[in-house]
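Student: Could you take me through the salt bridges of this model in close detail? I would like to see what they join and how their partners are placed.

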Amino acid sequence: QYSPESVAGADGEVDPTEITFPGCSCQSSPCTAPQCSCLCWGDNYSGLCLRSTEQGQFARPVFECSALCPCGESCHNRVVQRGLQLRLQVFHTLRKGWGVRTLQDIPRGSFVCEYAGEVLGPAEARSRVQAQSPEDPNYILALREHLHDGRVLETFVDPTHVGNVGRFLNHSCEPNLFMVPVRVDSMVPKLALFAATDIPAGEELSYDYSGRFHNPQGSSREHKPLEEDSRLRKPCYCGSRTCASFLPWDGSLFSTP
């Protein structure tokens with residue numbers, strides 16, 4: 001089932017459509033930092049492109065103006081919520097199954113698409129992963145955001161049965177996209193994919209499934225699996241110079257909490 005945005009999972013534990021943010025009180029449009037409470041972490045966009053952070057730094061939080069903000073649809077702090085604006089094509093690759101390529105040039109920093117699906121609680125996500133066989137494709141994405149006080153926010157998105165074009169994006173060890181959690185109406189983030197470089201028309205789109213790209217080393221929970229778990233590893237066919245030979249591995253959903 002196609003859905004441009006994430007929906008509540010079958011477990012009903014998380015509802016990404018629930019509006020929980022109060023919105024800003026800006027009387028002018030567009031909103032400006034630091035007066036706008038949605039821009040409390042800085043002005044995130046330059047035109048329709050995400051402002052780049054210093055290399056080696058964590059992606060900073062992005063809060064877009066929401067349905068309760070008075071600034072209106074013309075506010076420049078509304079990018080991801082407008083949805084897919086580019087011409088993309090799902091196609092069959094030689095070795096990686098389905099993939100996605102762009103039919104137009106994409107400037108660096110542009111929003112490309114959201115990775116949408118069912119938003120699950122950790123118990124349901126773990127149950128679905130453990131029910132898979134080694135031959136089954138695994139679309140479940142586990143996002144972990146590390147807070148300054150040591151807490152970790154987890155978001156699990158599964159586009160296996162409900163999702164959008166993002167589910168067809170392949171992994172690459174040298175990707176041309178990177179993922180940023182973007183919040184609009186609630187604390188449940190949209191998993192937004194932006195262009196890491198200028199991308200020419202016809203090029204396949206990809207991102208790093210491990211989350212290491214645009215984040216310092218050691219920030220992901222990917223680890224070398226135990227010998228008995230090696231059968232669960234899938235080969236990587238990205239073809240990049242730095243290819244790790246296997247797709248990223250995160251065994252946390254296979255373990256008992």
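Tutor: Happy to. A salt bridge here is a side-chain nitrogen of Lys or Arg within 4 Å of a carboxyl oxygen of Asp or Glu. Please keep in mind that this is a predicted model, in which local features need pLDDT of at least 70 and side-chain atom pairs count only at pLDDT 80 or more, while totals for chains, interfaces and linings use all residues. Residues are numbered from 1 along each chain as its sequence is written, and side-chain values use heavy atoms, with hydrogens and water left out.

Let us start with Arg183 and Glu145, which form a salt bridge whose closest N and O atoms are 2.6 Å apart. Arg183 belongs to strand 12 (residues 177-183) and Glu145 to strand 9 (residues 141-146), so this pair ties together parts 38 residues apart in sequence. Helices (H or I, at least four residues) and strands (E, at least two) are DSSP runs, numbered from the N terminus. Both Arg183 and Glu145 are buried; that word means under 20% relative accessible area, with exposed meaning over 50% and partly exposed in between (1.4 Å probe, protein chains only).

Strand 12 also takes part in an open sheet of four strands, ordered 4-12-13-7 with mixed pairing. Two strands pair if DSSP finds at least two bridges between them. At the edges are strand 4 (62-63) and strand 7 (111-114), each of which pairs on one side only. Strands 4 and 12 run parallel and are joined by two bridges, and Val62 stands opposite Val182 of strand 12.

A second salt bridge brings together the side chains of Arg128 and Asp158, at 2.8 Å from N to O. Arg128 sits in helix 1 (residues 122-130) and Asp158 in strand 10 (residues 152-158), so the pair ties together parts that are 30 residues apart in sequence. Arg128 counts as buried because its relative accessibility is 16%, and Asp158 counts as buried because its value is 2%. This pair has company: Glu118, Glu124, Arg128 and Asp158 are linked in a network of salt bridges.

For a third pair, look at Glu174 and Arg241, whose side chains meet in a salt bridge at 3.2 Å, N to O. Here too distant parts of the chain are linked: Glu174 is in the loop between strand 11 (170-171) and strand 12, and Arg241 is in the segment after strand 14 (204-207), 67 residues apart. What about burial? Glu174 counts as partly exposed because its relative accessibility is 33%, whereas Arg241, at 78%, counts as exposed.

That segment after strand 14 also holds Ser245. Phi of Ser245 is near 75°, a positive value in a residue other than glycine. With a relative accessible area of 43%, Ser245 is partly exposed.

Now for the wider setting. A search of the whole structure finds 10 salt bridges, in a protein chain whose secondary structure comes to one helix and 14 strands. Of the 257 residues in the protein chain, 43% are buried. Among contacts (heavy atoms within 4.5 Å) with a separation of 6 or more, 68% in the protein chain are between residues 24 or more positions apart.
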